[in-house]
Amino acid sequence: MRPLHNNLAGRLLRWLGDALHDHPSWFLYPQALLTLGCIATIVSHLQFSAKRSDLVSADVQYQRDFLAFKKEFKSQDSIVAVVESGNPDKNRQFVERLVARLQVETRLFKNIYYKGDLKLMGSKSLLFLPEESLEELRESLHKNLSLIQTFFQCSNLNGLFEAVNRQFRSFSVPEAADSSSESFARALPTLRRVVDLAAETLLQSTNVPAPGITALFVDQRGGDRHGLYLTFAGGQIYAVVVHARSAGCEVEAITRLRELVRITQDEVSGVNAGITGEPVLELDEMRQARHDTDVAAVVSLVLSGLIFVYGYHEVRRPLMATLALLVGIVYTLGFATLAVGQLNILSITLVPMLIGMAIDFGVHLIARYEEELRRGSNERMAIRKSVSFTGIGIFSSGFTTAGAFFA
């Protein structure tokens with residue numbers, strides 16, 4: 001049996017070693033251009049997927065069914081903003097202010113839900129109310145009819161109070177008093193509630209939303225039977241549920257919602273606020289994994305280089321081998337970008353592993369090169385022997401490692 005270095009592979013490797021020594025520019029410049037091309041491809045096209053569904057093969061039947069369901073029904077996971085404090089009124093202020101900001105951001109957000117307002121159900125919303133609630137609503141409308149008519153003639157509270165004063169002056173004239181004055185008198189408790197809410201708005205250290213038409217029917221401080229907020233723990237936690245306008249802008253929507261929550265929290269002091277939901281958790285997991293992977297990759301690269309330098313008592317050749325390792329990592333990511341297009345939360349963790357495993361190839365090659373120099377070989381012969389003798393083992397090891405990762 002002929003030695004491996006005398007086979008076709010050995011002869012090709014000897015030719016490669018001679019070409020590396022005689023014409024290094026043949027290899028250096030093309031590698032540099034290819035590396036730059038890979039970096040440009042990675043920066044512009046490589047995506048990072050935070051979806052947990054990407055961890056399951058699309059060929060599995062239940063995964064295909066789930067993806068078909070989401071495509072058919074346009075199902076999107078919800079993003080939730082949560083505020084918590086011991087003061088339900090502050091929580092209400094927070095969600096009202098936050099929702100007002102979200103409603104302006106129509107490019108990023110849709111399907112904003114924070115209370116069971118009947119208007120969310122459209123023109124037939126009253127059909128969802130029980131009969132006793134409808135009867136209470138009818139009585140409230142009848143009782144406050146005069147005040148409602150006055151309310152809709154005014155554009156602000158100042159105009160409302162002026163109109164009410166005119167009503168009082170007209171009622172002071174006996175011949176001007178009629179049945180409408182009795183209806184107006186029955187609405188006085190409601191009017192007082194509006195005044196109390198307006199006073200509360202002025203006295204709060206942080207501004208609260210001014211009273212609106214709903215104050216004519218219910219006491220907002222005691223809760224709204226026909227417009228229940230989405231609350232938990234007895235009003236200590238309020239929530240706002242929202243969807244991103246599309247899957248493509250989900251990351252931007254989450255980032256913007258965090259910013260809006262922070263701005264609103266600065267205005268309403270004394271509350272704890274944040275966001276959650278499946279898309280938020282997936283994005284945070286991916287960001288944390290990318291950060292930890294980047295740190296691990298840098299640490300492993302630095303430690304490998306330092307150990308290499310210390311072991312050989314030399315800086316130049318170990319650093320060149322480390323540079324070659326970086327080029328190989330860039331090639332790997334470039335191939336992944338072209339072949340797959342994205343990395344998930346598992347595949348991004350392979351980079352530190354590749355650094356720890358692939359640095360061995362440079363160690364073996366340089367060790368053999370140094371050994372040949374110590375034996376008295378010149379540089380050309382040392383490169384030829386190190387490439388031809390060690391190269392077969394390096395290629396064999398590299399292909400087996402690639403096969404393991406491919407599996």
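**A walk through the chain and two of its helix pairs**

Let's start on the outside: the accessible surface of the chain comes to about 24,500 Å², and 62% of that belongs to carbon and sulfur atoms. Keep in mind that you're looking at a predicted model. Of the 407 residues in the chain, 34% are buried. As for the building blocks, you can pick out 14 helices and 9 strands. How does the chain connect with itself? If you take the contacts between residues at least 6 apart in sequence, 74% of them join residues at least 24 apart.

Now find helix 4 (residues 88–104) and helix 10 (residues 250–267), whose axes come within 10 Å and cross at roughly 140 degrees. Angles over 145 degrees count as roughly antiparallel, and this pair doesn't get there, so helix 4 and helix 10 are oblique to each other. The crossing of helix 4 with helix 10 is right-handed. On the helix 4 side, the contact uses Phe94, Arg97, Leu98, Arg101 and Leu102, while helix 10 brings in Leu257, Leu260, Val261, Ile263, Thr264, Gln265 and Glu267. Sort the residues of this contact by class and you get 7 nonpolar, 2 polar and 3 charged.

For another pair, head to helix 13 (residues 350–374) and helix 14 (residues 379–406), which pack with their axes 8 Å apart at an angle of about 160 degrees. That angle is over the 145-degree cut-off, so helix 13 and helix 14 are roughly antiparallel to each other. Helix 13 passes helix 14 in a crossing that is right-handed. Which classes of residue make up the contact of helix 13 with helix 14? Here you'll find 14 nonpolar, 6 polar and 4 charged residues.

Note on methods:
Residues numbered from 1 in each chain as written. Predicted model: local features only at pLDDT ≥ 70, side-chain atom pairs only at ≥ 80, totals over all residues. Heavy atoms only, no water. Axes fitted to C-alpha atoms, helices over the stretch in contact; angles between N-to-C directions. Helix = DSSP H or I, 4+ residues; strand = E, 2+ residues; numbered from the N terminus. Parallel < 35°, antiparallel > 145°, perpendicular 65-115°, else oblique. Left-handed = near helix turned anticlockwise from the far one by under 90°. Contact = heavy atoms within 4.5 Å. Nonpolar A, V, L, I, M, F, W, Y, C, P; charged D, E, K, R; others polar. Buried < 20%, exposed > 50% of the residue type's maximum accessible area, 1.4 Å probe, protein only. Areas by Shrake-Rupley, 256 points an atom, 1.4 Å probe, with all protein chains shown as cover.
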